[in-house]
Amino acid sequence: EYKQHSTILEQIQQKYNLPDQFILFLGNTAPKKNTKRVIQSYALYCDQNKEHLPLVVLDFPKEKIYSILKEVGKEQLINQIYCLGYISRSNMPYLYNRATIFLYPSLRESFGMPILEAMACGTPVITSNTSAMPEIAGDAAILTNPENKEEMASHINRLLSDSSLYSSLKKRGISRTKDFSWSKTAKNILDTYKEIFS
């Protein structure tokens, strides 16, 4: 479990101009990351809530997000989306710590290390019910159909409106990471590399 010092968290918040509360998404241009549907589901979530959390997106161009929003007639939401570009791995634990929830609804992943990283930081996770992600998440995350943006928006709503569920996922997430020893994690990462380069 990563326990971050509050002054460092404040410095990271100032460095990246982060809001106090936000939804975190590791977007990139790889189709498997499902970025378009995540942005569309965020627009649905905002539609359903007058008071809504901003979205922080990593490693995805702001102009592409604007294009996705324009397709659904929600381009004004670009003001609610923070595009941070690439963030070094050393700064990621601080971002997970600051985030209110972490979205990881990829279409497929060989392992899904960010799920465990967010859980280790006590951040509740919404991830996909496909590929390796349910096995990694266990009962410590909300599983969603990554191809159903309405379902994804509904899960965001549910997690943010149900404080007992939120608290339970925080605890279960921290506990879940203890099931993964670093040797087991390293083996999974090596298997992933073998799969990529074979």
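# Chatting through a predicted model

Colleague: Hi! How many aromatic pairs does a search of the whole structure find?

Modeller: Three aromatic pairs turn up when the whole structure is searched. One of them joins Tyr42 and Tyr45, with ring centres 5.9 Å apart and planes at 45 degrees, so that pair is tilted. Keep in mind that this is a predicted model.

Colleague: Where do Tyr42 and Tyr45 sit in relation to each other along the chain?

Modeller: They belong to helix H2, residues 35-48, and because they are three residues apart there, about one helical turn separates them.

Colleague: Buried or exposed, those two?

Modeller: Tyr42 is buried, and Tyr45 is buried too. Another aromatic pair is Tyr96 with Phe102, which is edge-to-face: the centres are 5.3 Å apart and the planes make 85 degrees.

Colleague: And what is the relative accessible area of Tyr96 and of Phe102?

Modeller: Tyr96 has 2% and is buried, and Phe102 has 0% and is buried.

Colleague: Which residues do ring pairs link into a cluster?

Modeller: Tyr96, Phe102 and Tyr104 are the ones linked that way.

Colleague: Changing topic: what order do the strands of the open sheet have?

Modeller: The six strands run S3-S2-S1-S4-S5-S6, with parallel pairing. Strand S3 (81-85) and strand S6 (142-144) stand at the edges with a single partner strand each, so one side of each has no neighbour in the sheet. On average, neighbouring strands are turned by 20 degrees against each other, ignoring direction.

Colleague: What holds strands of a sheet together in general?

Modeller: Strands pair through backbone hydrogen bonds, in either a parallel or an antiparallel way.

Colleague: How many bridges are there between S1 and S2?

Modeller: Three bridges, in the parallel sense, pair strand S1 (residues 23-25) with strand S2 (residues 55-58). Within that pairing, Phe25 has Val57 of S2 as its bridge partner.

Colleague: Now helix H5. Where does H5 lie?

Modeller: Helix H5, residues 113-120, lies across strand S4 (101-104) and strand S5 (125-128), and runs at about 175 degrees to S4.

Colleague: How many residues of H5 are buried?

Modeller: Eight of the eight are buried, so H5 is largely enclosed by the rest of the structure. Among them are Met113, Pro114, Glu117 and Met119. After H5 comes Gly122, with a positive phi near 75 degrees.

Colleague: What about the largest nonpolar core? Which residues have the most contacts inside it?

Modeller: That core has 32 residues, and Leu24 and Leu58 have the most contacts inside it. The elements giving two or more residues to this core are helix H1 (6-15), S2, helix H4 (92-98), S4, H5 and helix H6 (133-137). H5 gives the most, with five residues.

Colleague: What does Leu58 touch?

Modeller: Not counting residues up to four places away in sequence, the list includes Leu24, Phe25, Leu84, Ile87, Met92 and Leu95. There is also a second, separate core of 29 residues, which includes Tyr42, Ile68, Leu103 and Tyr166.

Colleague: And in general, where do nonpolar side chains tend to be in soluble globular proteins?

Modeller: They tend to be buried together.

Colleague: How many disulfides does the structure hold?

Modeller: Zero disulfides. As for cysteines, Cys46 is buried at 7% relative accessibility, and Cys121 is buried at 9%.

Colleague: On to helix H8. Arg176 is found there, so is Arg176 buried or exposed?

Modeller: Arg176 counts as buried, because its relative accessibility is 17% and buried means under 20%. Leaving aside neighbours within four places in sequence, Arg176 is in contact with Met119, Glu135, Ile136, Ala137, Gly138 and Ala140.

Colleague: And Lys171, buried or exposed?

Modeller: Lys171, also found in helix H8, is exposed, with a relative accessible area of 61%. The C-alpha atoms of Lys171 and Ala140 are separated by 8.2 Å, and these residues are 31 apart along the chain.

Colleague: Last topic, backbone angles. What sign does phi have in most residues other than glycine?

Modeller: Most of them have a negative phi. Here, Asn17 is not a glycine and yet has a positive phi of about 55 degrees. Asn17 is placed in the loop between H1 and S1 and is exposed at 57% relative accessibility.

Colleague: What is the phi of Ser131?

Modeller: Ser131 has a positive phi of about 60 degrees, although it is not a glycine. Ser131 lies in the loop between S5 and H6 and is partly exposed, with a relative accessible area of 46%.

How values were computed
Residues are numbered from 1 along each chain as its sequence is written. This is a predicted model: local features need pLDDT of at least 70, side-chain atom pairs count only at pLDDT 80 or more; totals for chains, interfaces and linings use all residues. Side-chain values use heavy atoms; hydrogens and water are left out. A disulfide is a pair of cysteine sulfur atoms within 2.5 Å. Buried means under 20% relative accessible area, exposed over 50%, partly exposed in between (1.4 Å probe, protein chains only). Contact means heavy atoms within 4.5 Å. Helices (H or I, at least four residues) and strands (E, at least two) are DSSP runs, numbered from the N terminus. Rings of Phe, Tyr and Trp (its six-membered ring) pair if their centres lie within 6.5 Å; planes under 30 degrees apart count as stacked, over 60 as edge-to-face and the rest as tilted. Two strands pair if DSSP finds at least two bridges between them. Axes are lines fitted to C-alpha atoms, for helices over the stretch in contact, and angles run from 0 to 180 degrees between N-to-C directions. A nonpolar core is a set of buried Ala, Val, Leu, Ile, Met, Phe, Trp, Tyr and Cys residues joined through side-chain atoms within 4.5 Å.
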